[in-house]
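Work through the exercises below with the structure open. Try each task before reading its solution.

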Amino acid sequence: MLMKLRRVRQDLDHLNSWVLLVVTAATIVTGLVVHLWDLHGFTWHTYFGYALTVAVLIHILLNFRQLFAYSGFRMRRGLRTFRGQSRPSPPAPVRQPAGVGATTKRLLLSRRSLVGMALGGAGGYLVGRGLRQPPQLARGTDLGLVYHQWSSQPGLVDAVGALANLGRQPALYKSYDDAVQVVLPPASMAGGLPTEMAIARRQSLRAYSASPMTAQELSRVLLLTAGLSDGGRRHHPSSGALYPIETYAVVHNVADVERGVYHYSPENHLLEQVRAGDFRTYVVEHGLNQQFLGECAAVIYLTLIFQRMRFKYGERSYRYGLIEAGHLGQNLYLAATSVGLGACAVGAYDDQGIEELLAIDGRDEVSVYLLSLGRV
Ligand SMILES: Cc1cc2nc3c(=O)[nH]c(=O)nc-3n(C[C@H](O)[C@H](O)[C@H](O)COP(=O)(O)O)c2cc1C
């Protein structure tokens, strides 16, 4: 009878070991999915996590005796070694049924099987990557649609590929070490329209007054558009909290700020001068002759650093980056409207000319959006 019970317990323990193995693998894979795609509501990971906890508890319960016997042995041995006494013999092993030892030995992985597994995994990964054929581009194809479809299914293979292929995460903040810095006045949050009113009144304004915008106003709009809150959080959402968007201001007419091109540092809430000068004509010419781009107080340029997302999101990075630029754009509209300034989003411009102006390469970092800002 006792023998039978012991056998049942051993079978249960064996079965639970397999459950542990499977559930651990599932927890790891679903955890990767959660992490790689920011799927915070992906409940499978939670369920497997609970199942894993239950399996671990069963394992501890079934091996309770060995656990405590060995702990006791270690403690006794430790104490005796400390007092300079001779080594006690370990506790007698729990009796195994015939054949169990041999099975355990057979389950151990040989070096050959490890190499086989690694090769199989690498081969499977390569085949998986290869299964997705590149899109066939016929003349007149809508590249937007091609990109949309090509990046439409984030697969597990791509996620693993992202880990393996797409490089490292670059720094979260861009900095210009030797640049002239313009410290912005502390942005006051006092006054301004309530959120509902700012949303209701937002509109694109293209007729600007010649009176300069104040540094205080620029400071407030930049902070609310792209800056950090008191608690260090950004004012806009970002997939994976990777923040690929950089912000620049081409200043035409802001009191106490020299005309020129500046990079905005959200980390320190200051402007870093990229180049000094009057770029009103240049900005209009490279903004498809939209005159208001030279008449506003400043043009705010948003750029995208691909690698900030690419190492994690692969082909979907561009989608997420553009969406994020939109969030900043709306922040700017609302911040401007709230204090009576005008703003207008602009998508029609010559990328190359703008990228030269901002001193970015148009490859690692590209211009994606710009907005005029000024008194109306
Ligand atoms: C992505 C995008 C690109 C735009 N490009 C331009 C542009 O190049 N020139 C312009 O005058 N307005 C541009 N606009 C502003 C739209 O013309 C404007 O939002 C639209 O007419 C609706 O008017 P409202 O913003 O006043 O509600 C753009 C808006 C968006 C969202």
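**Exercise 1.** Find how many helices and strands the protein has, and what share of its residues is buried.

*Solution.* Start with the elements. The protein has 14 helices and seven strands. Next, turn to burial. The chain has 376 residues, and 36% of them count as buried. Then take the surface. The accessible area is about 22,300 Å², with 60% belonging to carbon and sulfur atoms.

**Exercise 2.** Decide where this predicted model should not be read in detail.

*Solution.* Begin with the overall score. The mean pLDDT is 87, and 86% of residues reach 70 or more. Now look for a weak stretch. Over residues 99-103, pLDDT stays under 50. The model gives that stretch zero contacts beyond four places in sequence. Where pLDDT is low, predicted coordinates should not be read in detail.

**Exercise 3.** Describe the shell around the ligand, and name the strand that gives the most to it.

*Solution.* List the neighbors. Among them are Arg202, Gln290, Phe292, Gly347 and Tyr369. Sort the shell by type: six residues are nonpolar, four polar and two charged. Then look for the main strand. Strand S6, residues 341-346, gives the most, with three residues.

**Exercise 4.** Trace polar contacts of the ligand with Arg202, Gln290 and Gly347, then find how much of the ligand is buried.

*Solution.* Take Arg202: a polar side-chain atom lies 2.8 Å from a ligand oxygen. Move to Gln290: an N or O atom of its side chain is 2.7 Å from a ligand nitrogen. Gly347 uses its backbone, with a polar atom 2.9 Å from a ligand nitrogen. Finally, the area: alone, the ligand exposes 610 Å², and the protein buries 52% of that.

Key: Residues numbered from 1 in each chain as written. Predicted model: local features only at pLDDT ≥ 70, side-chain atom pairs only at ≥ 80, totals over all residues. Heavy atoms only, no water. pLDDT = per-residue confidence, 0-100. Contact = heavy atoms within 4.5 Å. Near = heavy atom within 4 Å. Polar contact = N/O pair within 3.5 Å; in protein donor to acceptor, adjacent residues only side chain to side chain. Areas by Shrake-Rupley, 256 points an atom, 1.4 Å probe, with all protein chains shown as cover. Helix = DSSP H or I, 4+ residues; strand = E, 2+ residues; numbered from the N terminus. Nonpolar A, V, L, I, M, F, W, Y, C, P; charged D, E, K, R; others polar. Buried < 20%, exposed > 50% of the residue type's maximum accessible area, 1.4 Å probe, protein only.
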